[in-house]
Amino acid sequence: LVAAGVAFGQERAPALPRMVVEDNGDGDAVQMVAAASTAPVTVAVRAVVDLADGRLDQSLARFPTNQDVPLWIAIGAPPSREGIDGWRRSLRTVLDRTSRALVILEVMFDRQPPDVIRFATQVAATEVRARRDGIRVALGGPAIDDESRRANAYSSEIAPYVDLLAVSEGA
């Protein structure tokens, strides 16, 4: 009975989504998925969150805290190592506000050098795991879409920190 009580009291990780609805920035996708909560598969909302100062709160306001809509949040990575500290603070804000519903955090890379990709991936995974083990970390963006650039971005060194590679349909 004690073991059953412990297992019952533990937080369950949300199921990975089988379908994802892309958010256009106005929060309509969140409302639509919330209304379709009886769907036979797990449906999540994928939203790009702008970490820029002044826009972060506005970007996060479209996610109501009282709904359990699974979220796939995509954020841009910092352009350089000098931007990591501010980026980490913004990432923490995102995670603090969404970690209850968050199922996937996607870090998008473009022209960042390999050391920034490596460090940002490690930071993101560490921050995510500090919140909840059930959140998956994905790498995405143009550097992951392009096969030749992906080889420079994704390495065996960061593989333990990454659960998914998010590539566009065309890639």
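Tutor: A polar contact here is a pair of N or O atoms within 3.5 Å; within protein, one must be able to donate a hydrogen and the other to accept it, and residues adjacent in sequence count only if both are side-chain atoms. We're looking at a predicted model, where local features need pLDDT of at least 70, side-chain atom pairs count only at pLDDT 80 or more, and totals for chains, interfaces and linings use all residues. Residues are numbered from 1 along each chain as its sequence is written, and side-chain values use heavy atoms, with hydrogens and water left out.

Student: OK, which side chain makes a polar contact with the side chain of Arg46?
Tutor: Start with where Arg46 sits: strand β2, residues 43-49 (strands are DSSP E runs of at least two residues and helices H or I runs of at least four, numbered from the N terminus). From there its side chain makes a polar contact, at 3.0 Å, with the side chain of Glu106.

Student: Does Arg46 count as buried or exposed?
Tutor: Buried means under 20% relative accessible area, exposed over 50%, and partly exposed in between, using a 1.4 Å probe and protein chains only. Arg46 has 15% relative accessibility, so it counts as buried.

Student: What does Arg46 touch, leaving out residues up to four places away in sequence?
Tutor: A contact means heavy atoms within 4.5 Å. Glu106, the polar partner of Arg46, turns up again in this list. Arg46 touches Val20, Val21, Glu22, Asp23, Trp72, Ala74, Glu106 and Met108.

Student: Which residue is the bridge partner of Arg46 in β3?
Tutor: Strands pair if DSSP finds at least two bridges between them, and β2 and β3 have five, running parallel. One residue in β3 (residues 71-76) is among those Arg46 touches and is also its bridge partner: Trp72.

Student: And which residue is the bridge partner of Trp72 in β4?
Tutor: Moving on from β3, we reach β4, residues 102-108, paired with β3 in the parallel sense over six bridges. Gly76 has Met108 as its partner in β4. For Trp72, the partner there is Ile104.

Student: In what order do the strands of the sheet run?
Tutor: The chain has seven helices and six strands, and along the sequence it follows α-β-α-β-α-β-α-β-α-β-α-α-β. Six strands form an open sheet with parallel pairing, in the order β1-β2-β3-β4-β5-β6.

Student: Which strands stand at the edges?
Tutor: Take the β1 side: β1 is joined to β2 by four bridges, with Met19 opposite Val43. Each edge strand has a single partner, so one side of each has no neighbour in the sheet; they are β1 (19-22) and β6 (164-165).

Student: How many residues of β4 are buried?
Tutor: For the chain as a whole, 41% of the 171 residues count as buried. Strand β3 is mostly covered, with five of its six residues buried. For β4, the count is seven of seven.

Student: Which members of the largest nonpolar core touch the most other members?
Tutor: A nonpolar core is a set of buried Ala, Val, Leu, Ile, Met, Phe, Trp, Tyr and Cys residues joined through side-chain atoms within 4.5 Å. The largest one has 41 residues, and those touching the most other members are Val49, Ile73, Ile75, Trp87 and Leu105.

Student: Which helix gives the largest share of this core?
Tutor: The largest share amounts to six residues. Apart from this core lies another, of five residues, among them our old friend Trp72. The helix you want, covering residues 114-131, is α5.

Student: What relative accessibility does Glu127 have?
Tutor: Glu127 is found in α5, and its side chain makes a polar contact of 3.0 Å with that of Arg131. Beyond four places in sequence, Glu127 touches Arg88, Leu91, Arg92 and Leu95. Glu127 counts as buried because its relative accessibility is 7%.

Student: How far apart in space are Val94 and Leu60, C-alpha to C-alpha?
Tutor: Val94 lies in helix α4, residues 84-98, and at 0% relative accessibility it counts as buried. Leaving aside neighbours within four places, Val94 is in contact with Val49, Leu51, Leu56, Leu60, Ile73 and Ser99. Val94 and Leu60 are 34 residues apart in sequence, yet their C-alpha distance is 7.3 Å.
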